[in-house]
Amino acid sequence: MHIYLVSLIDKKVQEAMVKFSKLPIQTSVLTIRPLEELLYHSGTILKTYIKLLKTLHILPDYNHYYRRQLLIKYTLNTVIIENNQVINKDYLQAIQNMVLSYLQDESSDQPAIVPIHIHFTTMSETFLISGISICKRDKTLAYSLLHETAMPNSQIHGYSIPGYLEELWDTYLQNPYISLRALCSGHRKSYTVFQKDSKRYLGTTFYRFYQQYKMLEALDDLMLTDLSIKEIAYKHEFTDYNQLYKLFHRQYRFPFKDIPRLIIENVMLRGVLFAIFL
């Protein structure tokens with residue numbers, strides 16, 4: 001897959017964790033059990049993303065993108081990785097620095113829920129550590145709830161995407177009602193060359209990729225809001241509920257029942273949120 005697709009996926013995962021961090025989690029009580037439940041649910045978000053991306057053939061069919069979960073406890077003076085797992089010391093330090101800045105902040109008594117999104121690359125793989133850190137109100141304790149994913153470097157192609165295609169994508173996201181032929185004409189590109197470049201760099205036709213991208217955006221709201229599916233279809237400018245339904249159910253065979261509606265269906269998650277409120 002092209003590195004441009006990798007960057008788009010990375011952006012969507014980061015946005016999902018930012019949205020997860022904005023759920024109404026309070027931090028007057030931090031105990032292992034509710035934190036483990038939140039860790040499980042944040043992992044569910046990532047695994048559902050991976051499953052849909054593979055279904056859409058944006059990610060190649062590979063079984064080991066998701067590697068492990070990490071639960072890390074911090075005080076001002078100590079760092080404890082639960083279950084004695086090992087993490088690269090440089091990236092542990094990077095995460096710790098982000099968390100300690102909140103623990104050391106005496107100017108605010110507000111709780112901090114911090115999205116974490118850190119990359120590192122080895123000779124063979126590109127890794128992403130993603131999740132949230134939760135700092136207790138009195139700033140004496142924090143936990144990071146993290147997930148490690150990885151992709152073989154052999155799957156990533158780094159040749160440059162044509163500048164016009166990237167500009168056209170940004171323009172179309174802002175105004176999806178504009179004619180693609182008119183956009184091509186504005187960039188002095190033939191429609192045939194444009195579609196050829198789309199298949200090479202995006203993996204499919206431009207409009208089909210746009211539909212897939214909107215499905216990823218809808219996925220966020222399906223998992224992390226209590227909006228109805230009709231409201232989600234309207235929000236993301238699908239023609240109607242039926243268009244969204246047909247894409248998920250018929251074209252890509254990824255039925256809504258396979259998508260965890262964490263806020264409105266998962267009683268355990270609501271229980272975790274209220275447990276941490278108290």
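Reader: Which helices each supply at least two residues of the lining of the second largest pocket?
Author: In this predicted model, α4 (163-174) and α7 (206-224) each do that. The largest share, 4 residues, comes from α7.

Reader: What volume does the second largest pocket have?
Author: About 180 Å³.

Reader: And which residues line it?
Author: Lys11, Leu173, Gln174, Pro176, Tyr210, Tyr213, Lys214, Glu217, Lys235, His236 and Glu237 line the second largest pocket.

Reader: How does that lining split by class?
Author: The lining of the second largest pocket has 5 charged, 4 nonpolar and 2 polar residues.

Reader: OK, over to the largest pocket. How much space lies in it?
Author: About 350 Å³. The lining of the largest pocket is made of 17 residues, and the closest to the pocket centre are Val6, Ile9, Leu128, Thr149 and Met151.

Reader: Which elements give two or more residues to that lining?
Author: Two helices and two strands: α1 (3-21), α2 (32-55), β4 (125-135) and β5 (142-152). The largest share of the lining of the largest pocket comes from α1, with 4 residues.

Reader: How many nonpolar, polar and charged residues are in the lining of the largest pocket?
Author: There are 13 nonpolar residues, 3 polar ones and 1 charged one.

Reader: β5 is on that list of elements. How many of the residues of β5 are buried?
Author: 11 of the 11 residues are buried, so β5 is largely enclosed by the rest of the structure.

Reader: Which residues sit on which side of β5?
Author: One side has Ala142, Ser144, Leu146, Glu148, Ala150 and Pro152, and the other has Tyr143, Leu145, His147, Thr149 and Met151. Both faces are covered, and the residues named are all buried.

Reader: Why do the residue numbers skip like that?
Author: In a regular strand the side chains alternate between the two faces of the sheet.

Reader: Thr149 and Met151 came up before, right?
Author: Thr149 and Met151 are among the residues closest to the centre of the largest pocket, and in β5 these two are on the side that also has Tyr143, Leu145 and His147.

Reader: Which way does β5 run relative to β4, and how many bridges join them?
Author: β4 and β5 run antiparallel, joined by 11 bridges. Ile129 stands opposite Glu148 in β5.

Reader: How many bridges join β1 to β5?
Author: β1, residues 66-74, is joined to β5 by 8 bridges, and these strands run antiparallel.

Reader: What stands opposite Ile72 in β5?
Author: Ser144 stands opposite Ile72. Ser144 is on the side of β5 that also has Glu148.

Definitions and conventions: Residues numbered from 1 in each chain as written. Predicted model: local features only at pLDDT ≥ 70, side-chain atom pairs only at ≥ 80, totals over all residues. Heavy atoms only, no water. 1 Å grid on protein atoms, 1.4 Å probe; cavity = no way out; pocket = protein on both sides within 12 Å on 5 of 7 lines; lining within 4 Å. Points joined across faces, edges and corners; volume = space filled by probe spheres on them. Nonpolar A, V, L, I, M, F, W, Y, C, P; charged D, E, K, R; others polar. Buried < 20%, exposed > 50% of the residue type's maximum accessible area, 1.4 Å probe, protein only. Pairing = 2+ DSSP bridges.
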